[in-house]
Amino acid sequence: MSNQAPPVLITDQDAAIAKALSIVMPVTFHRFCIWHILNKSSEKINVMLYNEQYHRLVHIIKDSETPDEFEQRWNEAMELTNLGCNEWLSTMYDIRSRWVPAYVNHIFSAGMSSSQRSESGHSFFKKYVNKKNSLMGFITRFNRALTHQRHEELVCNHVDLNEQPRILSMVMMEEQMVRIYTKKIFLLFQKEIIQSNKYICTKKVSSGKIKQYSMQRFESGSNFHRQRQLTYYIQTDYVSCSCRTFDFEGYPCRHMVCFFKKKQVLLLHQKYILRRWTKNAKVGISYGDSDHIYGEEEGADKSLMARHGLLAHKAAILVDDASLTDARSTYLLGEFENLHLRVKEIDIVGNTGIPIFSSKSQESQQFIEDPGEVRAKGCGKRLKSSKEKALSNRNRQCSVCGAAGHDKRTCPSLNSRSNVHTYDIDNTPNEPGEHDTFTTIGSSNFQFGL
């Protein structure tokens, strides 16, 4: 974390953790996991009231945008449902500034409101290790889990660098961010661009330093939706929205994009691009032999020496292998010249450490776009061949009676003849009253009589 405390930390309601954080990280905002609180509500609220009012309380907690709106809706719900006397709900209301989104969404949390990151890590490693493993078995399994995790990360890096999502609009901002954002974040931002077309931006209040705009969603055949308040600060040339999507998740919301369109802002400014969501987020960081991360803040000398040592080690191994034969040496010399020319094309802009290729190499770079939508195999009814159609259209005839519509197994003439039959056991005529016979009922059940 570059020797810096995180801005926010999400845990459950553990008193020991809260006390330790207040001492070790006094600047860090301690946020409670909203999932644990809502999950605990089933034990703290009456069963009948819980079944009736749970979804209403969740709607109030998650959909309230401002503290005043949350407090008003919460108090109304407590009065109507007689939940105001519940001691646990009163305690949760007293610490609402620690977990209710309306109070904490102004702090960047990468879109997380629960301790899902640590829980997903626990679930991942439980697939590889358990309490019955020996020490050596644990180390082997743990390294195997790390290898799998790093492989998945490399796959994601490959997708971000070589695959380019399809552009769905003619907005220049979308074409700009498809080259900057990772694929996952770009798809989220692309959705905001598409949804921005459904909003109307109107100027509401104007003063010397700020301007306020109202964003209202409108769709044909439906009523207007909730209004969003957008504030534009003239001196700093900065825009903020009441939905807090940019503050909480780190990419511009649909209301901000609508405002940019109104002001004819074609490209997204650097202040609205969070570095951690870009493809070059890891550029400028090097790892030493002791797994220590040398960033730009710790000096350029350590970072330079770490990079030089790593490259020299790799180059020495390559030279040793190529010097064994003349063919390898000749091939490597040619590749060295081409690689040297490509390295010179890379420019380092400022002190950010972000490599930007020249326009010549950038134009020649090819991206793999998403395939077009096609009809999936097995979708819909199966197409029959001409032979199958001919067989299905032909009327089948019975081989016994020659009639159509049935076969030998279901022929009514055979069924009527085999309904009741009487046979003599020894096929010899007997005196009246002295028949030894058996009777067949149907075709499968037998009854013997004397």
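Reader: Where is Gln-264 found?
Author: This is a predicted model. Look past helix 12 and before strand 8 (286-287). Gln-264 sits in the loop between helix 12 and strand 8.

Reader: Is Gln-264 buried or exposed?
Author: Start with the cut-off: exposed means over 50% relative accessible area. Gln-264 has 66% relative accessibility. Therefore Gln-264 counts as exposed.

Reader: What is the phi of Gln-264?
Author: Most residues other than glycine have a negative phi. Gln-264 is a residue other than glycine, yet its phi is positive. The value is near 60 degrees.

Reader: Where is the place of Asp-237, and what is its phi?
Author: Asp-237 lies in the loop between strand 6 (228-233) and strand 7. Asp-237 is not a glycine, but its phi is positive. That phi is about 55 degrees.

Reader: Is Asp-237 buried, exposed or partly exposed?
Author: Buried means under 20% and exposed over 50%. Asp-237 has a relative accessible area of 39%, so it falls in between. Asp-237 is partly exposed.

Reader: Which residues does the UniProt annotation "domain: SWIM-type" cover?
Author: The annotation comes from an unreviewed UniProt entry. Its span is 42% helix and 18% strand. The end C-alpha atoms lie 15 Å apart. The annotation covers residues 232-264.

Reader: How far apart are the end C-alpha atoms of residues 398-413?
Author: The unreviewed UniProt entry annotates residues 398-413 as "domain: CCHC-type". In the model, this span is 12% helix and 0% strand. Its end C-alpha atoms are apart by 11 Å.

Reader: Which element gives the most to the lining of the second largest cavity?
Author: The space in the second largest cavity is about 30 Å³. Its lining is made of Ser-240, Cys-241, Arg-244, Thr-245, Phe-246, Asp-247 and Met-256. Strand 7 (238-241) and helix 11 each supply at least two of these residues. With three residues, the most comes from helix 11.

Reader: How many charged residues are in the lining of the second largest cavity?
Author: Sort the lining by class. Three residues are nonpolar and two are polar. The charged residues number two.

Reader: What is the volume of the largest cavity?
Author: The structure holds two cavities of 30 Å³ or more. The largest cavity is lined by 13 residues. Nearest its centre lie Leu-38, Ser-41, Leu-57, Ile-61 and Leu-89. Its volume is about 110 Å³.

Reader: Which helix supplies the largest share of the lining of the largest cavity?
Author: The largest cavity has a lining of 12 nonpolar residues, one polar and no charged. The largest share is four residues. They come from helix 3.

Reader: Which residues is Leu-49 in contact with, leaving aside its neighbours within four places in sequence?
Author: Leu-49 lies in helix 3. One partner, Leu-83, is 34 residues away in sequence, but 8.3 Å away in space, C-alpha to C-alpha. Beyond those neighbours, the contacts are Tyr-54, Thr-81 and Leu-83.

Reader: Is Leu-49 buried, exposed or partly exposed?
Author: A buried residue has under 20% relative accessible area. Leu-49 has 26% relative accessibility, so it does not count as buried. Leu-49 is partly exposed.

Reader: Which residues lie nearest the centre of the second largest pocket?
Author: The second largest pocket has a volume of about 510 Å³. It is lined by 24 residues. Those nearest its centre are Lys-62, Asn-105, Cys-243, Thr-245 and Glu-249.

Reader: How many charged residues are in the lining of the second largest pocket?
Author: Helix 11 gives the most to this lining, with three residues. Across the lining, seven residues are nonpolar and seven are polar. The charged residues number 10.

Reader: What share of the residues in the chain is buried?
Author: The chain has 17 helices and 15 strands. It exposes about 32100 Å², with 55% supplied by carbon and sulfur atoms. Among its 450 residues, the buried share is 27%.

Conventions. Residues numbered from 1 in each chain as written. Predicted model: local features only at pLDDT ≥ 70, side-chain atom pairs only at ≥ 80, totals over all residues. Heavy atoms only, no water. 1 Å grid on protein atoms, 1.4 Å probe; cavity = no way out; pocket = protein on both sides within 12 Å on 5 of 7 lines; lining within 4 Å. Points joined across faces, edges and corners; volume = space filled by probe spheres on them. Helix = DSSP H or I, 4+ residues; strand = E, 2+ residues; numbered from the N terminus. Nonpolar A, V, L, I, M, F, W, Y, C, P; charged D, E, K, R; others polar. Buried < 20%, exposed > 50% of the residue type's maximum accessible area, 1.4 Å probe, protein only. Areas by Shrake-Rupley, 256 points an atom, 1.4 Å probe, with all protein chains shown as cover. UniProt positions renumbered as here; feature names shortened; annotations may be inferred. Contact = heavy atoms within 4.5 Å.
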